[in-house]
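This report describes one protein model for a reader who has not seen it before. The sequence and structure come first, followed by the overall layout and then a closer view of one helix and its surroundings.

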Amino acid sequence: MTTKMLDAETVTLIARSMWMNETKDMTLFVIQQWTLTSIESGGVTMTIVLKRKIMNEMMTTFLPSVLLMLTTYATTFFKPYFFEAALSVNLTTMLVMTTIFMTVMQMLPATAYVKMIDIFLIFGQLYPFTEVVLLTMMEYKREGDGSGGT
């Protein structure tokens, strides 16, 4: 509520006489609780407790990440003949996970500590990288001396 200079001199705000007409459901949050409190200077303080809606995060971050990691895991069982395909899938997964990571980091506030979403998404990048290293080592051992000849 905004009061003009003249109104501030003639109107006294009383917290128990005020109410909020807005809906409790917003795009990313739900209002869990709100309170109006009178303060000594004659003003009113409003406290709002918000709860984040998790479904958006589940559908845009966690579900795609888990599906990509399952695809990466599936490349472990490809036949040796499909080494290049497995490598391509893992590198593409790493690229997509990096894009998801960057998108999520832009939406979140900058903090000095590591968040759980950071750990999850970094693991999502390290997993395909590890698969690439392991597949390359397996292919190297399979080829014998590593010269590419059989």
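The protein has 4 helices and 2 strands. Along the sequence these elements follow the pattern α-β-β-α-α-α. The model is predicted.

Of the 150 residues in the protein, 19% are buried. The protein exposes about 11400 Å², and carbon and sulfur atoms supply 67% of that area. Among contacts between residues at least 6 apart in sequence, 50% join residues at least 24 apart.

Helix α2 covers residues 55-74. Two of its residues, L67 and T72, are set side by side below.

| Residue | Helix | Relative accessibility | Class |
|---|---|---|---|
| L67 | α2 | 47% | partly exposed |
| T72 | α2 | 0% | buried |

L67 counts as partly exposed because its relative accessibility is 47%, which falls between the cut-offs of 20% and 50%. L67 also belongs to a nonpolar patch on the surface, together with I54, M55, M58, M59, L63, V66 and L70. The accessible area of these patch residues together is about 770 Å².

What does T72 touch, not counting residues up to four places away in sequence? The partners are N90, T93, Y127, P128 and E131. T72 has 0% relative accessibility, so T72 counts as buried; the cut-off for that class is under 20%.

In short, helix α2 holds L67, a member of the nonpolar surface patch, and helix α2 also holds T72, a buried residue.

Note on methods
Residues numbered from 1 in each chain as written. Predicted model: local features only at pLDDT ≥ 70, side-chain atom pairs only at ≥ 80, totals over all residues. Heavy atoms only, no water. Patch = residues over 30% accessible without salt bridge, like charges linked within 9 Å, V, L, I, M, F, W, Y side chains within 5 Å. Areas by Shrake-Rupley, 256 points an atom, 1.4 Å probe, with all protein chains shown as cover. Salt bridge = Lys/Arg side-chain N within 4 Å of Asp/Glu carboxyl O. Buried < 20%, exposed > 50% of the residue type's maximum accessible area, 1.4 Å probe, protein only. Contact = heavy atoms within 4.5 Å.
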